[in-house]
Amino acid sequence: MFVVKKNINGRDYYYLRKSARINGKVKAITLAYLGSNRKLALEKAKDFKEKPSVMKMTDDKSREIVEKEKKAEKTEISEFEKHMLSIDELAVFCKRKGFVYPSAEIYGGLAGFWDFGHLGVELKNNIKSEWWNYHVRKREDMAGIDGAIITNPKVWEASGHISTFFDVAVKCRKCKSTTKIDASAAGKEKCEKCGGEFEVLGKFNQLFPVKVGALNPVEAYLRGETAQLIFTNFRLVQENARMSLPFGIAQMGKAFRNEISPREFIFRCREFEQMEIEYFIAPAQPCPYKVGDTEISILSADMQLKNEEPAKMKISEALKAGIIKRDWHAYWIEQELSWFLSLGASPDNFRIRQHLPDEKSHYSTDTWDLEYKFPMGWRELQGFADRSTYDLSQHQKFSGKNLEMTDSKLGKVLPEVVCEPSLGLERAFIVFLLEAYHYDTSRQNIVLKLHPRLSPLKAAVFPIVKTDEAVVNLARYIYDSLKEDFSVIYDDSGSVGRRYARNDETATPFCITTDDESIKNNDATIRNRDTTEQIRVKISNLKDILRKLINKEIAFEKAGRPVNTRIK
Ligand code: GAP
């Protein structure tokens, strides 16, 4: 008898096996499933070894045990499927598959800094291009910019970041863990881990200072938010792009914060990317756009003060009922939620929460957060602050420049920022991965069901047999022609089943293969990651069909002739 370990989905399962003669052939049969804990598994195995009855089992008895243990394995795996991935498990998966690594890990990394691997960079770029298309290219009322990371330090004086951008470092008196809290929460918040009281260690500004210049260096800062560059460039963009109110300016790029306790994988980093919009209106200008009917759980400041549970309702109803006060706020919250849903996220994992009066940032008159049910609990994914005329007024004051614009109807006007949808790219990255992560019991591998537009690789191309030159050449020809337009790989290592499993795990939505029939008919098969179904498509149509499948413009079963294959 011997103990074997099977690794399923990164978890170890232990089995007691023995060699037995079944129907005249020697086979290794499973005597018992020993569970997923190594120590307990070895103890159980010892118990079994001491039971002579196990040694003398008949073939029928062996089969009965095998069936019983297969059932136990299935139950344990389905329990595993229901278990939501923890943020640490996600970090392990991301490292194993080439999405995210601790920065410069060979030197021990640096807290709060991360490097994106060969798949991570593709996923990140895809999220950014989806965001840019939806918010900038498809809208007539939006202009984009890309500001500098280091700018004149006066910007941060004017914005209030130098005087007010503080976090408070605290230490739990009971469990001794250190963390950061918002300055407004000092004296109110208790330790998340044990409920203990906090001792305040100090107040720290989050801006990273840098020295600019060699001879007479000037103290500047890495930008703490992308938003300020939108305000400082406001007049130039408005005039050059000939924008009239209402309109927005969008930007995405790096932001840096010297976080007291960077943690939870890439949820809270010191270097991260923001995707932000400042939406400008004439004072009190109403929203001309329809507020959508998407439903979401809502938790207003009032409800929180009364200890009420969130209420599920349409965003349009929340506006009508006066829970969301401004039409523009309701409109932007709905737009942003719809963006996540259009890329495959589930509505039940989102809610919106209004900031309590003492929780708002120094520039905000009203703020809502779009929160997501992260493995650590409900947390901020995206903020929606009403910044009013705070920033433009401050920059007028500090720069001495007039930032008013000329509106054809209103004349000279200093617009207000009615809403600032501000999203962290790394948080969106986590959301899309959590939404996509599935363990498929019948395939016994992870299937990362990312929307094909977000998938790092759009297709893997390979020959079914590596020994037939014509089949191999055709696969290479397909790969060479697709790589001009799509991010694709040529993958011929390991068995076909292994290649499918490997591509399922890294979200490749389509596997394209060539076989004998392809040579005769000039076609290839396409396998759907989510269903394992396959179709045959003429090579001359392949590019067009792949593009339509990625954009979900055509149903998979209608895209080609269905085929039945042995290997799924
Ligand atoms: N311009 C407004 C602003 O910066 P914020 O709430 O401080 O507001 C906006 O940040 C978004 O940026 C957050 O909702 C979050 O998604 C992301 N974010 C903020 N700090 C972060 C950090 N340390 N690591 C990763 N993402 C962060």
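**Entry 1: helices α5 and α14**

I started with two helices in this predicted model. I looked up how the axes of α5 and α14 are placed. Helix α5 covers residues 118-137. Its axis and that of α14 come within 10 Å. They cross at roughly 105°. An angle of 65 to 115 degrees counts as roughly perpendicular, so α5 is roughly perpendicular to α14.

Which residues make the contact? From α5 I noted Gly120, Leu123, Lys124, Ile127 and Lys128. From α14 I noted Leu425, Glu426, Ala428, Phe429, Phe432 and Leu433. I then sorted the residues of this contact by type. The split is 7 nonpolar, 1 polar and 3 charged.

**Entry 2: aromatic pairs**

Phe432 from that contact led me to the aromatic rings. I searched the whole structure and found 25 aromatic pairs. One of them joins tryptophan 339 and phenylalanine 432. Their ring centres are 5.8 Å apart, with 80° between the planes. This pair is edge-to-face.

Where do the two partners lie? Tryptophan 339 is in helix α12, residues 327-342. Phenylalanine 432 is in helix α14, residues 425-436. The partners belong to parts 93 residues apart in sequence, so the pair ties those parts together. I also checked whether they are buried or exposed. Tryptophan 339 is buried, and phenylalanine 432 is buried too.

Next I took the pair of tyrosine 372 and phenylalanine 374. The ring centres are 5.1 Å apart and the planes stand at 70°. Planes over 60 degrees apart count as edge-to-face, so this pair is edge-to-face. Tyrosine 372 has a relative accessible area of 1%. Buried means under 20%, so tyrosine 372 is buried. Phenylalanine 374 also counts as buried, at 1% relative accessibility.

Both pairs turned up in one aromatic cluster. I wrote down its members: Phe267, Trp339, Phe340, Phe350, Tyr372, Phe374 and Phe432.

**Entry 3: charges over rings**

Phe267 of the cluster has a charge over its ring. Which residue supplies that charge? It is arginine 427, with its charged end 3.8 Å from the ring centre of phenylalanine 267. I noted another case at tyrosine 289. Arginine 139 lies over the face of that ring, 5.5 Å from its centre.

**Entry 4: backbone notes**

I turned to the backbone. The peptide bond from leucine 245 to proline 246 is cis. Its omega is near 0°. Proline 246 lies in the loop between α9 (234-240) and β12 (247-256).

Phenylalanine 265 has a positive phi, near 60°. This is a residue other than glycine. I placed phenylalanine 265 in the loop between β12 and β13 (271-281). Is phenylalanine 265 buried or exposed? At 6% relative accessibility, it counts as buried.

Asparagine 522 has a positive phi as well, near 55°. Its place is the loop between α17 (516-521) and β27 (523-528). I looked up its accessibility and got 48%. Partly exposed lies between 20% and 50%, so asparagine 522 counts as partly exposed.

**Entry 5: asparagine 445**

I looked up another asparagine. Asparagine 445 is in strand β23, residues 445-448. At 9% relative accessibility, it counts as buried. What does asparagine 445 touch, leaving out residues up to four places away in sequence? The list is His438, Tyr439, Asp440, Ala501, Asp504 and Glu505.

**Entry 6: lysine 5**

Lysine 5 sits in strand β1, residues 2-8. Its relative accessible area is 54%. Exposed means over 50%, so lysine 5 is exposed. Leaving out residues up to four places away in sequence, lysine 5 touches Asp12, Tyr13 and Tyr14. I then looked at a distance across the model. How far are the C-alpha atoms of lysine 5 and asparagine 216 separated? The answer is 64 Å, for residues 211 apart along the chain.

**Entry 7: the whole chain**

I ended with totals. The chain has 568 residues, and 52% of them count as buried. I noted 18 helices and 29 strands. The C-alpha trace spans about 95 × 65 × 60 Å along its principal axes. I also looked at contacts with a separation of 6 or more. Of these, 64% are between residues 24 or more positions apart.

Terms used. Residues are numbered from 1 along each chain as its sequence is written. This is a predicted model: local features need pLDDT of at least 70, side-chain atom pairs count only at pLDDT 80 or more; totals for chains, interfaces and linings use all residues. Side-chain values use heavy atoms; hydrogens and water are left out. Rings of Phe, Tyr and Trp (its six-membered ring) pair if their centres lie within 6.5 Å; planes under 30 degrees apart count as stacked, over 60 as edge-to-face and the rest as tilted. Helices (H or I, at least four residues) and strands (E, at least two) are DSSP runs, numbered from the N terminus. Buried means under 20% relative accessible area, exposed over 50%, partly exposed in between (1.4 Å probe, protein chains only). A charge sits over a ring if NZ of Lys or CZ of Arg is within 6 Å of the ring centre and within 35 degrees of the ring normal. Axes are lines fitted to C-alpha atoms, for helices over the stretch in contact, and angles run from 0 to 180 degrees between N-to-C directions. Angles under 35 degrees count as roughly parallel, over 145 as roughly antiparallel, 65 to 115 as roughly perpendicular and the rest as oblique. Contact means heavy atoms within 4.5 Å. Ala, Val, Leu, Ile, Met, Phe, Trp, Tyr, Cys and Pro count as nonpolar, Asp, Glu, Lys and Arg as charged, and the others, Gly among them, as polar.
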